[in-house]
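Here is a short report on one protein model. Look at the structure first, then read on.

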Amino acid sequence: VLTVNADRYTPCGAGTIPTGEVRSVEGTVLDLRGGEAQPFFTLPFGAQKIEKLDILQSCNYYITANTTARHRSRAEKNLFSINNIVLDFDIHTRMNQHDREELLEAFVWYLKRDLFYNTSGLSPNVIHYTGRGVQLWWHIEETSGKLDFLYRLVVGLLLDRISDLLDEYPTLQKAIEVDRVASKNIIGLYRLFDTYNSHTRTKTE
């Protein structure tokens with residue numbers, strides 16, 4: 001079950017680049033705020049939803065993790081509520097897809113063994129493989145956007161702990177980039193689950 005507390009989305013134009021236009025999700029298959037639209041990835045209902053999206057391998061689809069004030073642009077000054085913490089990790093080293101997947105699996109395995117399983121309540125709700133890397137999602141109780149300073153504090157602490165973990169495994173540290181800029185972007189865009197990465201031509205999970 002996936003719930004996305006977002007009232008609006010931005011469509012893509014030529015070259016699958018977000019146009020910057022802000023549209024309401026009301027009445028569309030991207031309305032994942034709850035109710036009947038909530039079980040987006042629960043079969044068979046989820047399969048019908050995904051089918052309606054007409055997802056193309058040549059296009060990239062994005063969502064926001066947190067919400068901005070109604071009818072306002074996606075800017076930090078318009079942040080309304082904090083709903084998720086998302087940490088982003090990428091592999092930019094040239095390698096075949098099989099080796100990339102194995103490296104990411106090893107990274108996640110070490111995270112679980114050395115960090116998440118030893119710390120009560122730290123485990124993310126979702127581990128999202130994006131085709132080029134992996135994202136860790138923590139869905140949290142909706143809270144005011146005015147607490148953005150706490151968001152950045154928590155993100156910074158999480159990133160530091162994971163960076164320390166990577167220091168212990170040189171092979172992973174050399175290949176995996178901790179994307180601090182994307183992870184600290186409280187109004188950033190993230191690849192929609194179960195769509196395609198047009199660059200790697202792989203389906204996200």
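## Terms and model

Buried means under 20% relative accessible area, exposed means over 50%, and partly exposed lies in between (1.4 Å probe, protein chains only). Leucine 147 has a relative accessible area of 32%, so it counts as partly exposed.

This is a predicted model: local features need pLDDT of at least 70, side-chain atom pairs count only at pLDDT 80 or more, and totals for chains, interfaces and linings use all residues. Residues are numbered from 1 along each chain as its sequence is written, and side-chain values use heavy atoms, leaving out hydrogens and water.

## The surface patch

Leucine 147 sits in the loop between β7 and α3. Helices (H or I, at least four residues) and strands (E, at least two) are DSSP runs, numbered from the N terminus.

Leu147 joins Phe149, Leu150, Leu153 and Leu157 in a nonpolar patch on the surface. Together they have about 460 Å² of accessible area (Shrake-Rupley method, 1.4 Å probe; for residues, only the protein chains shown count as cover). Patch residues have over 30% relative accessible area and no salt bridge; like charges are joined within 9 Å, nonpolar side chains (Val, Leu, Ile, Met, Phe, Trp, Tyr) within 5 Å. A salt bridge is a side-chain nitrogen of Lys or Arg within 4 Å of a carboxyl oxygen of Asp or Glu.

## The hairpin

Strands β6 (residues 126–129) and β7 (residues 133–144) pair in the antiparallel sense, over four bridges. Pairing takes at least two bridges found by DSSP. Valine 126 stands opposite tryptophan 137 in β7. Three residues lie between the strands, and glycine 131 takes a positive phi near 100°.
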